[in-house]
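Me: Could you help me learn to read a ligand site and a cavity? I'd like the general idea and then the real case.
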Amino acid sequence: MTQNNLHGGQFSMPNEIRAVIFDLDGVLVDTAVFHFQAWKRLANSLGFDFTRKQNEQLKGVSRSRSLELILTWGNVHKTQEEQEQLAKQKNDWYLALINDMQPGDTLPGAVEVLTYLRANHYKIALGSASKNARLILKNTGIVHFFDAVVDGNAVQRSKPDPEVFLKGALALAVPADKCVVVEDSQAGIDAARAAGMQVVGLGSIDDLTGADYLISSVKELLSDQ
Ligand code: BG6
Ligand code: MG
């Protein structure tokens, strides 16, 4: 497929596509700021700082791997057991933030895109690294749109491994080459490509490589209507 929208063209759903698999954080909901606040609080409690730029590098990265990276950046060594405690502490702080999410706390166009896809008989799955994905889908009132939810609890291997998307396609009973993935992280784009799926990258050409299409907001998925 050509990157025909990279120079201002509009996204148009390829004819062969039967299913759309969405990443969650950064695609449907703006949770990066909550991850940032919780990780920063954890880093500060350990005596070092954590920047927004570092937070950017954790997009699509699992909780345990994110903690490993943060401890490396802070030059702090912790045992496996201590790391589990720290990951739990961060998640408790994160949960306190996402518990307040409610219907409407979705990114612009997300609900319209999901509504359009359902009305046009596309299958819809979630393919997220987050173990909190179901809670976020429920709190924001969009869980009913999904035919399948594959989250961080359902996979053995994190993105860029294709497992999360292959499981999504299997649950939808749609072949990989008839699925398109919508992703905002490089790890997620790499995972989708490894799964043999088409990829719509959400972000800028400066940050993301390998996507078949690039858009700057999920609502651009509707631009062919
Ligand atoms: C991804 C986020 O979707 O989920 C990452 O982009 C996050 O930043 C990962 O670390 C795991 O999330 P959770 O909710 O299981 O800690
Ligand atoms: Mg994401």
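Here is a short chat about the ligand and the empty space.

Reply: This is a predicted model, where local features need pLDDT of at least 70 and side-chain atom pairs count only at pLDDT 80 or more, while totals for chains, interfaces and linings use all residues. Residues are numbered from 1 along each chain as its sequence is written, and side-chain values use heavy atoms, with hydrogens and water left out.

Me: Which residues come nearest to ligand 1?
Reply: A residue is near a molecule if one of its heavy atoms lies within 4 Å of it. Here 14 residues surround ligand 1, and Asp-25, Val-61, Ser-130, Lys-131 and Asn-132 come nearest.

Me: Why does ligand 1 lie between domain 1 and domain 2?
Reply: Domain bounds come from an automatic or database domain assignment. Both domain 1 (2-30 + 104-222) and domain 2 (32-98) give residues to the shell around ligand 1, so ligand 1 lies between them.

Me: What is 2.8 Å from an oxygen atom of ligand 1 in the side chain of Arg-63?
Reply: Think polar contact: a pair of N or O atoms within 3.5 Å. In Arg-63 that partner is a side-chain N or O atom. Gly-60 uses a backbone N or O atom, also 2.8 Å from a ligand 1 oxygen, and a polar backbone atom of Leu-58 is 3.1 Å from an oxygen of ligand 1.

Me: How many cavities of 30 Å³ or more does a search of the whole structure find?
Reply: A cavity is a set of points on a 1 Å grid over the protein atoms alone where a 1.4 Å probe fits but cannot get out, and lining residues have an atom within 4 Å of a point. The search finds one. The largest cavity holds about 60 Å³ of space, and its lining includes Phe-11, Met-13 and Tyr-116.

Technical notes:
Chains lettered and ligands numbered in written order. Polar contact = N/O pair within 3.5 Å; in protein donor to acceptor, adjacent residues only side chain to side chain. 1 Å grid on protein atoms, 1.4 Å probe; cavity = no way out; pocket = protein on both sides within 12 Å on 5 of 7 lines; lining within 4 Å. Points joined across faces, edges and corners; volume = space filled by probe spheres on them.
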